[in-house]
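Trainee: Could we go through this structure together? I should like to begin with its enclosed spaces and then turn to the ligands.

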Amino acid sequence: MSYGHFDDKKREYIITKPDTPLPWINYIGCEEYFGIISNTAGGYSFYRDARLRRLTRYRYNNAPFDFGGRYIYIRDNSSRIFWSPSWQPTRHDAENYSCRQGMGYSIISSTFKSIRAETLYFVPLGENLEIWQLSITNQSKKTRQLSVFSSIEFCLWDAQDDATNFQRNFNTGQVEIEDGVIYHKTEYRERRDHFAYFACSEKLAGYDTQRDVFLGAYRGWNAPIAVERGRSFNSVAHGWAPIGSHHVKLNLKAGETRIITFVLGYQENPKDKKFDPPDSQTINKQTVRPLIKKYLNPITVRTAFDSLRSYWEKVLGIYQVQTPNKHTDRMVNIWNAYQCMATFNISRSASFYESGIGRGLGFRDSNQDLLGFVHMVPERARERIIDLASTQLETGGAYHQYQPLTKRGNNDIGSDFNDDPLWLIIGVAAYLKETGDWSILDTPVPYDNKSGSEKPLYEHLERSLKYTLDRLGPHGLPLIGRADWNDCLNLNCFSDTPGQSFQTTTNKEGKVAESVFIAGMFVFAARELADIAEQRGLNTEADSYCQAAEQMDNTVRVHGWDGEWFLRAYDDFGNKVGSKECKEGKIFIEPQGFCVLAGIGLKDELAKKALDSVYKILATPHGIMLHQPAFSQYYLNLGEISSYPPGYKENSGIFCHNNPWIIIAETMAGNGDRAFDYYLRINPSAREKIGKLHRCEPYVYAQMIAGKDAPAHGEAKNSWLTGTAAWNYFAITQYILGIRPTYKGLMIAPVIPSEWEGFSVNRIFQGVQYNVTVKREGKGNKIELIIDGIRHQGNIIPKPPFGVTQVAVQVLLS
Ligand code: BGC
Ligand code: NOJ
């Protein structure tokens, strides 16, 4: 069954069946204004923060799954038949339906009764607004009298309150309508200085802003009474549910095309200039009017769309590869990079599986997202690092999450996830290697956003490392706290009360349970910090970090090794987790990945043994499972991990985020074939052919693929917002293809499949374009560099002299 296909030239995925197994979504907006849009125009928009500044309403977990969005209706005024060109919500049998999901835009088209309609949705760069540009063509032989209706349902800003506090919300809704523009101004009369607007390029035949008037009693979005009867009511919302709907009448001659533009946007006014006249309650529209006018002009829209395309051309141009494998090229050159932008922007907050209410930006998540994003827009990565570090606590610990709007740590979740601080070191190291911008380390950054507490960022990194050392357990391994990377391994929780949060309920003192995963991470992070210190000429400090790493490496060998693989943890009783001695959960993926990635056991047999055990016990054709055997029952001492039925999520699902750790570890052990084999198992494009089973979008990674214990083994879930994006990008670009930024220059260290004859990469690094061509001359991973025709020792390309912007690199692999 095919639902569509890739168009790599245009960088689009073209969906050709509207009823995909799940909504196949896209994001519009890449700076401050964002929208989620499905292949049938479902979804919503928000400014910066999906919880605190939600512009339009969306109801999750609906039936059908995706319902509510940026719907347009077309009505033939002679036959009175109406339909929606995006298929939903009327679900007519449209011909030639397609949804082209592209870089920051979606184009949905279909033909019905010889009326062709194509709508382009996107957010212009630098603006807090979205465009819907409808082009409508009469493909019949006679003139057609048509009505076009737009529709959007406004959210009353705070999405959590909007979905719960009805006794109040049914009374607060307010709008203004002026010159055909619908302004949504709920709560503007009190403490808000922002409003939304919805404009249309054409002269209106009417409008509606009160939902129940537009829809009619007991009717849904599939059959609004206004559309059915072909005439708006000019309703003005007061309380209840404000919406925006324009009505435009068109006479379309045979063969004629018309363009109608809708603009939906977010605008703030200075607090003392909210009203016009000042003593009125009317929105001051002076700042927004010129903007509306500008974007209702099709020429501006065209220019803005072209700029968006050039922006992506440039961003993606930083790393382009040609390999013998099309799934690799497509993901690296287009979609994986694109997904990294989305995870950087949205973190884990708003998708069709993340409600935008629960989670802001995760400390751990956002630091990891940097790995796949930092080369794209380094200035934004820098800003993110400072924001993250500003939520760090003086103890070196970190708020687990913060709200993007306020940039303040989230008190409900708090801190004490003991892996969190170490991710900051990893994120900053990635930034430094990419940019060489050492000044960031001297930037004063507060703790917990408290003014007066500012210290250079470098000190934040030192405290991050110290945080682990201050919290060692009985075996000298790091204490786990509430949880480490695996949020669901809750060794201090002991929750027997339904509904209690596994992540924040801590019933144990937490002085016993230790994490071998954090130990591996510590070794990795300490070595990163040592490199940073060395670069800054702080040799004594560098030595002490190396020693700390060395010592932890030893502790892992003594107390964290199980004979055939690395242990996962010790629980609150001091018993082993992830050991052959356990009845279930004998082996876990995380420590095998991170310990080897940190270099533990690479010089002897440990790494090889651990990786072979992963291959034998955890690998499936659909990816590598999190642990085995799955937990068949709930274990009080293990927590949420055992709350999931076997095969799902953290209970033995294929948690795609950590598969690349094994991929990287395999490359470090020199196994290109195995690394690439694992890479392809979860590569979404490579899974397109099993779309019926996979079900999620074939153009982005999903957080999870059901493991072998689940009835739906191979089914993906929770697409888009996952650390899988950054880590896979990092693994394929820097470890399999081996083009890796270092402090000394660009390293070339490919570990590719033995059958590949070679590949080539264009990589822009610190202002220089490197054209790298790799040619295989033997089966191994030994390399020889020829830089601009001259043989070069080692595998790092030194920075070229000032002014040189192109470097040709030939690589012989044997
Ligand atoms: C999920 C985890 C997630 C956590 C966030 C759990 O229910 O299984 O994947 O990280 O919630 O709070
Ligand atoms: C998703 C969370 O966002 C991430 O922080 C965590 O590491 C994984 N789940 C694993 O539990």
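**Cavities, pockets and ligands**

Mentor: The largest cavity has a lining made up of Tyr27, Gly29, Cys30, Phe34, Gly104, Trp312, Tyr338, Met341, Ala342, Asn345, Ile346 and Trp720. Please keep in mind that this is a predicted model.

Trainee: What volume does the largest cavity have?

Mentor: Its volume is about 80 Å³.

Trainee: Which helix gives the most to the lining of the largest cavity?

Mentor: Helix H7, residues 326–346, gives the most to that lining, with five residues.

Trainee: And how do the residues of that lining divide by class?

Mentor: Nine are nonpolar and three are polar, with no charged residue in the lining of the largest cavity.

Trainee: How many cavities of 30 Å³ or more are there?

Mentor: The count comes to three. The second largest cavity holds about 40 Å³ of space. Its lining consists of Gly29, Cys30, Glu31, Glu32, Tyr33, Val123, Pro124, Leu125, Gly126 and Glu127. By class, the lining of the second largest cavity has five nonpolar, two polar and three charged residues.

Trainee: Let us move to the pockets. How much space lies in the largest pocket?

Mentor: The largest pocket contains about 790 Å³ of space. It is lined by 33 residues, and the closest to its centre are Lys433, Glu528, Asp531, Tyr735 and Arg740. The elements that give two or more residues to this lining are helix H10 (420–435), helix H12 (516–535), helix H19 (724–736) and strand S35 (739–742).

Trainee: How does the lining of the largest pocket divide by class?

Mentor: The lining of the largest pocket divides into 19 nonpolar, five polar and nine charged residues.

Trainee: And the second largest pocket: which residues lie nearest its centre?

Mentor: Arg359, Asp487, Gln503, Glu650 and Gln703 lie nearest its centre, out of 25 lining residues. About 470 Å³ of space lies in the second largest pocket. Its lining has six nonpolar, eleven polar and eight charged residues.

Trainee: Where does ligand 1 sit?

Mentor: Ligand 1 sits in the second largest pocket. Around ligand 1 are Arg359, Asp487, Cys488, Gln503, Glu640, Tyr644, Lys649, Glu650, Phe655 and Gln703. That shell comprises three nonpolar, two polar and five charged residues.

Trainee: What distances should I note for the oxygen atoms of ligand 1?

Mentor: For aspartate 487, a side-chain N or O atom is 2.5 Å from an oxygen atom of ligand 1. For tyrosine 644, a side-chain N or O atom is likewise 2.5 Å from an oxygen atom of the ligand. A polar side-chain atom of glutamate 650 lies 2.6 Å from an oxygen atom of ligand 1. On its own, ligand 1 has 310 Å² of accessible area, of which the protein covers 77%.

Trainee: What about ligand 2: which space does it take?

Mentor: Ligand 2 takes the space of the second largest pocket. The residues that surround ligand 2 are Arg348, Arg359, Arg364, Asp365, Trp485, Asn486, Asp487, Glu650, Phe655 and Gln703. Two residues of this shell are nonpolar, two are polar and six are charged.

Trainee: Which atom of tryptophan 485 is 2.5 Å from an oxygen atom of ligand 2, backbone or side chain?

Mentor: In tryptophan 485, a polar backbone atom is at that distance of 2.5 Å. Aspartate 365, in turn, has a side-chain N or O atom 2.7 Å from an oxygen atom of ligand 2. For arginine 359, a polar side-chain atom lies 3.0 Å from an oxygen atom of ligand 2. The protein covers 95% of the 290 Å² of accessible area that ligand 2 has on its own.

Trainee: A change of topic: the backbone. What is the peptide bond between glutamine 88 and proline 89, cis or trans?

Mentor: That bond is cis, with omega about 0°. Proline 89 belongs to the loop between strand S8 (82–83) and strand S9 (95–102). A cis peptide bond also runs from glutamine 628 to proline 629, with omega near -20°. Proline 629 is in the loop between strand S31 (627–628) and strand S32 (654–655).

Trainee: And what is the phi of tryptophan 240?

Mentor: Tryptophan 240 has a positive phi of about 50°, although it is not a glycine. Its place is the loop between helix H4 (225–229) and strand S18 (242–252).

Trainee: Why do these backbone features deserve a remark?

Mentor: They do because most residues other than glycine have a negative phi, and most peptide bonds are trans.

Technical notes
Residues numbered from 1 in each chain as written. Chains lettered and ligands numbered in written order. Predicted model: local features only at pLDDT ≥ 70, side-chain atom pairs only at ≥ 80, totals over all residues. Heavy atoms only, no water. Near = heavy atom within 4 Å. Polar contact = N/O pair within 3.5 Å; in protein donor to acceptor, adjacent residues only side chain to side chain. Areas by Shrake-Rupley, 256 points an atom, 1.4 Å probe, with all protein chains shown as cover. 1 Å grid on protein atoms, 1.4 Å probe; cavity = no way out; pocket = protein on both sides within 12 Å on 5 of 7 lines; lining within 4 Å. Sits in = over half its atoms within 2 Å of the grid points. Nonpolar A, V, L, I, M, F, W, Y, C, P; charged D, E, K, R; others polar. Points joined across faces, edges and corners; volume = space filled by probe spheres on them. Helix = DSSP H or I, 4+ residues; strand = E, 2+ residues; numbered from the N terminus.
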